[in-house]
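Here are my notes for someone opening this model for the first time. Please read them with the structure in view.

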Amino acid sequence: MEHYKIEGGHPLRGKVTISGAKNAAVAIIPAVILCNSACRLENIPNIEDVAILRNILSSLGAEVDFSDNVFTANPVTIHTNEALSEDMTKLRASYYLLGALLGRYGYAKIAYPGGCAIGERPIDLHIKGLSRLGAVIDFDKANGIITAKAHTLVGAEIYLDKASVGATINIMLAASCAEGTTEIHNAAKEPHVVDVANFLNMCGARIKGAGTDTIRIVGVGRGNLHGCSYAIIPDQIEAGTFMIAAAATGGEVVIKNIIPAHLEAITAKLMEAGVSVDPAIEGNDYILNVASTMRPRPLRIETCTYPGFPTDLQQPMMAFLSTARGESIIIDKIFTERFKHVNELNKMGANMRVLGNGKAEIIGVESLHGADIYATDLRAGAALIIAALMAKGETRVYNLHYTDRGYENLEEKLKALGARIKRVN
Ligand code: EPZ
């Protein structure tokens, strides 16, 4: 089986440039469907999820091209509003096809979304929001198909029971082409939510308040958004992953192409653990210098919606804290079962336990040792690779398709920082 062979114990040193944000790309690419002319998207990461969405847009009839991190798509040639290919079941973000096709055509028929196994992942808040806009939504459970119809989408007041990233974005996609005004209350505030709103506004949408609890969208009507050129933001989670890897290996790494405000929660927690994180400006770029020479102090981390500590970084953080000087507690309030990486880390000599209700404890050990370990989801894969970089000896990390989904050129970037990592078929 394909795996990474990693020789641990080598501190990461040097510079790494962060790629475009996966969770912005997987929303903005479907959003192109809303436009009446071509779009040019820059800083799009070359990752598996983007390749899948490219195939999905092509299967709808859009003219699509993707090279050198530039994604161009002309939605004018789309000839169907039914996205039923198997690709739809390969990623969770395929649910954005619902809001995009509904907003553009008043009709959408999609296969149920897929995505990482990190616990129950309902889409009831998406459905509730789109229904409030006037969509009639049917579920064909036997065939795993969702159909949404709306003669006209009409703006509405929508209150989200949870500040769901996906639901906030999906509702924004449809509402931007509705008649009338929509207000989304208890909206998600993640950087990629703001990026999608900025993209839509470049296309002629009228969205205000993205990044706050209430997003106000004045619909411009179906087919009235035009194409644009847009560069997406850097990936907050990739940046955080490399910050943690630098600290976990006792190295010193300059993280380039970042937006410091997006990294305040991870910066604060690393500094609390004793890691030095120094912001600086290099030319026109913000950079972060991350360095550590000691075993980390133990931490208590509770994940939260932005600007709190992101759930996507709790798994890499658990790898880092596996050798802390004391007991750490992790509470994931977003995905309470996101702990499938714990058993794999314990195979390497870690001493951690899942306590239930989204809580886990980590008793710090002196060091980890190499083992054969298996990724179970995207960020678990990142955690296992960090643990392998920390461990004494050789580790083989399997199920690389998970990290291929969300990290561009991961092996090359780590090698450039001195990691002894090799992809073995
Ligand atoms: C997005 O997932 C991200 N994925 C996830 O990143 C990220 O972990 C998550 O947001 C939280 O930040 C993409 O953007 C493609 P949610 P999403 O809707 O939209 C519950 C990664 O590693 N909920 O904000 O699925 C849900 O169960 C991935 O890049 C409902 O109850 O997350 C969870 O407990 C993993 N009903 C909470 O809300 C709904 O209709 C937050 O989920 C929707 C969500």
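1. A residue counts as near a molecule if one of its heavy atoms lies within 4 Å of it. By that rule, 25 residues surround the ligand. The closest are Arg92, Asp124, Ser164, Asp312 and Ile334. Keep in mind that this is a predicted model.

2. What classes of residue make up the shell around the ligand? Eleven are nonpolar, five are polar and nine are charged.

3. Look next at the polar contacts. A polar side-chain atom of Lys22 lies 3.0 Å from a ligand oxygen atom. Gly166 uses its backbone: a polar atom there is 2.9 Å from an oxygen atom of the ligand. For Arg338, an N or O atom in the side chain sits 3.4 Å from a ligand oxygen atom.

4. The ligand taken alone exposes 820 Å². The protein buries 92% of that.

5. Where does the shell come from? Helices H1 (22-31), H4 (124-132), H5 (165-175) and H11 each give two or more residues to the shell around the ligand. Both domain 1 (3-19 + 234-424) and domain 2 (22-231) contribute, with at least three residues each.

6. Now turn to the second largest pocket. Its volume is about 340 Å³. The lining has 20 residues, and Ala248, Thr249, Gly250, Thr323 and Met390 lie nearest the pocket's centre.

7. Which helices supply at least two residues each to the lining of the second largest pocket? They are H7 (236-248) and H11 (378-390). Helix H11 also gives residues to the ligand shell. By class, the pocket lining has nine nonpolar, eight polar and three charged residues.

Notes: Residues numbered from 1 in each chain as written. Predicted model: local features only at pLDDT ≥ 70, side-chain atom pairs only at ≥ 80, totals over all residues. Heavy atoms only, no water. 1 Å grid on protein atoms, 1.4 Å probe; cavity = no way out; pocket = protein on both sides within 12 Å on 5 of 7 lines; lining within 4 Å. Points joined across faces, edges and corners; volume = space filled by probe spheres on them. Helix = DSSP H or I, 4+ residues; strand = E, 2+ residues; numbered from the N terminus. Nonpolar A, V, L, I, M, F, W, Y, C, P; charged D, E, K, R; others polar. Polar contact = N/O pair within 3.5 Å; in protein donor to acceptor, adjacent residues only side chain to side chain. Areas by Shrake-Rupley, 256 points an atom, 1.4 Å probe, with all protein chains shown as cover. Domains from an automatic or database assignment.
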